[in-house]
Amino acid sequence: MDLSIIGSGYVGLVTGACFADVGHNVICVDNDAGKIEALQAGKIPIYEPGLEEVIHRNVSAHRLRFTGSVEEAVDNSQIVFIAVPTPQKPNGDVDLSFIEKVAREIAGVLKSYRVIVDKSTVPVKTGEKVAESIKRYNRHGAKFDVVSNPEFLREGCAISDLMHPDRIVIGAESEHAIDLMKKIYEPFMAPILVTDINSAELIKHAANSFLALKISYINAVSAICEASGADVEKVADGIGMDRRIGRNFLDAGIGYGGSCFPKDISAFITISEQLGVPFNLIKEVQRINVAQRERFLKTIREKLWVLRDKKIAVWGLTFKPDTDDLRSSVAVELVAEMLREGAQISAYDPKGMEKAREVKTMAGTKFTSSALEATDGAEALVIATEWDEFANVDLAMVKERMTTPIVFDGRNMFNPETMRQLGFHYHSIGRASVVPR
Ligand code: UGA
């Protein structure tokens with residue numbers, strides 16, 4: 001099928017590449033001329049495992065191309081996806097101005113029937129507004145249908161999530177649009193759930209906030225574990241073995257970050273309030289998430305006493321492993337806070353260094369070229385993101401390089417007993433701290 005995707009950011013690019021990979025003809029559009037030029041020259045603006053290869057393969061096969069023209073895209077495709085950012089406003093609300101602008105742009109060049117699909121994460125009832133907008137600016141009076149088709153891909157494993165989805169959600173009112181959408185997704189051989197537009201939009205916010213709830217739940221349990229001497233890993237295994245609960249998203253840590261959960265949780269709270277049914281449970285999820293980071297910082301302060309002039313190594317800056325994304329990264333917030341308190345930070349991240357250098361709140365950080373180098377002369381090591389690479393670092397060497405071997409592991413990467421035997425003072429999340437005998 002002939003498809004176009006307006007917005008070549010994270011979701012747009014990955015979706016476009018995967019649609020092309022299953023045989024559709026895809027045009028990816030962006031209003032950033034520099035980005036389009038780079039993509040045309042074969043440069044991929046984000047790091048996502050496997051993405052570059054899929055893009056190159058499909059560009060060579062002439063199934064995927066890039067343009068700055070919405071008109072060219074709409075003219076040459078049956079279905080037009082909108083995948084533009086929906087950032088958070090300072091009041092927690094969602095900024096839908098990009099969606100509205102694209103809806104107007106599409107309407108202005110719409111000459112015959114098209115299905116317009118919203119893939120961006122939006123609050124419930126946005127589809128209605130998109131349809132109204134297109135109707136209002138529809139110069140040629142062309143027929144169209146609006147569909148909501150939320151994405152559930154995770155950064156770091158986006159290609160696999162897209163190619164092997166648990167489910168496809170299609171929110172639509174017209175049978176014809178539903179048939180076309182089903183045809184697009186036929187090659188993915190995944191269960192398809194057809195709903196009305198509002199339900200599809202709500203599924204996305206409800207899914208993300210439920211996952212965030214699981215994380216905050218286990219993080220709240222981790223505080224109880226620390227206070228009582230229990231082990232949060234064992235508790236997570238024990239409850240996760242119940243198939244009704246499941247072990248996924250029960251890894252205690254320093255809280256969730258990224259470009260999705262924090263923003264979507266705020267948006268869900270706001271829309272529920274606007275609808276007159278405040279979702280207080282999700283407010284608590286948000287509160288626990290902030291408290292978890294504060295608790296971790298409190299442990300660091302308690303053990304180091306004063307942070308001023310302390311040399312602290314930080315491993316991991318991205319909001320999770322296998323991405324170069326630092327947006328709303330808890331690791332970045334931790335570094336910023338420790339810098340504010342006068343600590344000297346040397347940090348290392350396998351993929352996030354380039355972007356990290358541009359983060360203003362981390363100015364003053366010394367960026368090193370390896371995890372080991374970051375620990376040179378350090379008085380403490382903070383593990384903020386659980387990259388595989390860190391599990392393979394020679395810990396005996398780390399201990400040798402550090403001035404005082406104190407580790408604060410915000411992601412429970414290591415076994416406390418092993419750390420004790422290696423001679424570390426080791427503090428992790430929801431597990432008893434250990435000190436060398
Ligand atoms: C999330 C959802 O998982 C996707 O299904 C959704 O499509 C996406 O948001 C989106 O809305 O676009 P993503 O933000 O890429 O995906 O990352 P996750 O793997 O969900 O992790 C989010 C945060 O939760 C990370 O900071 C991670 O470290 C944290 N996390 C995750 C935990 O602290 N514990 C866990 O057990 C799992």
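Tutor: In this discussion, a helix is a DSSP run (H or I) of at least four residues, and helices are numbered from the N terminus. Thr-270 lies in one of them, helix H11. Please bear in mind throughout that the model is predicted.

Student: Why is Thr-270 called buried?

Tutor: The word applies to a residue under 20% relative accessible area. Thr-270 has 14% relative accessibility, and therefore it counts as buried.

Student: Which residues does Thr-270 touch beyond those up to four places away in sequence?

Tutor: Thr-270 touches Gly-92 and Asp-93.

Student: What makes Leu-96 count as partly exposed?

Tutor: Partly exposed covers the range between the 20% limit for buried and the 50% limit for exposed. Leu-96 stands at 27% relative accessibility, so it counts as partly exposed. This residue is placed in the loop between strand S4 (79-82) and helix H5 (97-109).

Student: With which residues is Leu-96 in contact, leaving aside its neighbours within four places in sequence?

Tutor: Leu-96 is in contact with Thr-86, Val-122, Pro-123 and Thr-126. Ser-120 is 24 residues from Leu-96 in sequence, and the two C-alpha atoms are 9.9 Å apart in space.

Student: How do you know that Leu-51 is buried?

Tutor: Its relative accessibility is 0%, which is under the 20% limit, and so Leu-51 counts as buried. Leu-51 lies in helix H3 (residues 51-60). Leaving aside neighbours within four places in sequence, its contacts are Leu-13, Val-14, Ala-17, Ile-44, Ile-46 and Ile-159.

Student: What makes Val-117 count as buried?

Tutor: The reasoning uses the 20% limit again: Val-117 has 0% relative accessibility, and therefore it counts as buried. Its place is in strand S5 (residues 114-118). Apart from neighbours within four places in sequence, Val-117 is in contact with Ile-79, Val-80, Phe-81, Ile-82, Val-147, Asn-149 and Met-181.

Student: Why is H13 described as largely enclosed by the rest of the structure?

Tutor: Eight of its eleven residues are buried, so the description follows. The buried ones are Val-330, Ala-331, Val-332, Leu-334, Val-335, Ala-336, Met-338 and Leu-339. Their cover includes helix H12 (280-304), strand S9 (311-315), strand S10 (344-348) and strand S12 (380-383).

Student: How do you know that Ser-329 caps the N-terminal end of H13?

Tutor: A side-chain oxygen of Ser-329 lies 3.2 Å from the backbone nitrogen of Ala-331. A polar contact requires a pair of N or O atoms within 3.5 Å, and therefore this distance satisfies the limit. After H13 comes Gly-342, whose phi is positive, near 95 degrees.

Student: Which members of the largest nonpolar core touch the most other members?

Tutor: This core has 58 residues, and those that touch the most other members are Ile-312, Val-314, Trp-315, Leu-317, Met-338, Ile-345 and Val-398. Helix H13 (residues 330-340) gives the most to this core, with seven residues. A second, separate core has 43 residues, including Tyr-10, Leu-39, Leu-51 and Phe-66. In soluble globular proteins, nonpolar side chains tend to be buried together.

Student: What surrounds the ligand?

Tutor: The ligand is surrounded by 19 residues, of which Glu-151, Glu-155, Lys-204, Asn-208 and Lys-320 are the closest. By class, this shell has nine nonpolar, two polar and eight charged residues.

Student: What makes the pairing of the ligand with Lys-204 a polar contact?

Tutor: An oxygen atom of the ligand is 2.6 Å from an N or O atom in the side chain of Lys-204. The limit for such a pair is 3.5 Å, so the pair qualifies. The other polar contacts to consider include one with a polar backbone atom of Phe-152, at 3.1 Å from a ligand oxygen, and one with a polar side-chain atom of Arg-411, at 3.2 Å from a ligand oxygen.

Student: How much of the ligand does the protein bury?

Tutor: Taken alone, the ligand exposes 700 Å², and the protein buries 92% of that. The elements giving two or more residues to the surrounding shell are helix H9 (197-228) and helix H11 (261-274). H9 supplies the largest share, three residues.

Terms used. Residues numbered from 1 in each chain as written. Predicted model: local features only at pLDDT ≥ 70, side-chain atom pairs only at ≥ 80, totals over all residues. Heavy atoms only, no water. Near = heavy atom within 4 Å. Polar contact = N/O pair within 3.5 Å; in protein donor to acceptor, adjacent residues only side chain to side chain. Areas by Shrake-Rupley, 256 points an atom, 1.4 Å probe, with all protein chains shown as cover. Nonpolar A, V, L, I, M, F, W, Y, C, P; charged D, E, K, R; others polar. Core = buried A, V, L, I, M, F, W, Y, C linked by side-chain atoms within 4.5 Å. Buried < 20%, exposed > 50% of the residue type's maximum accessible area, 1.4 Å probe, protein only. Contact = heavy atoms within 4.5 Å.
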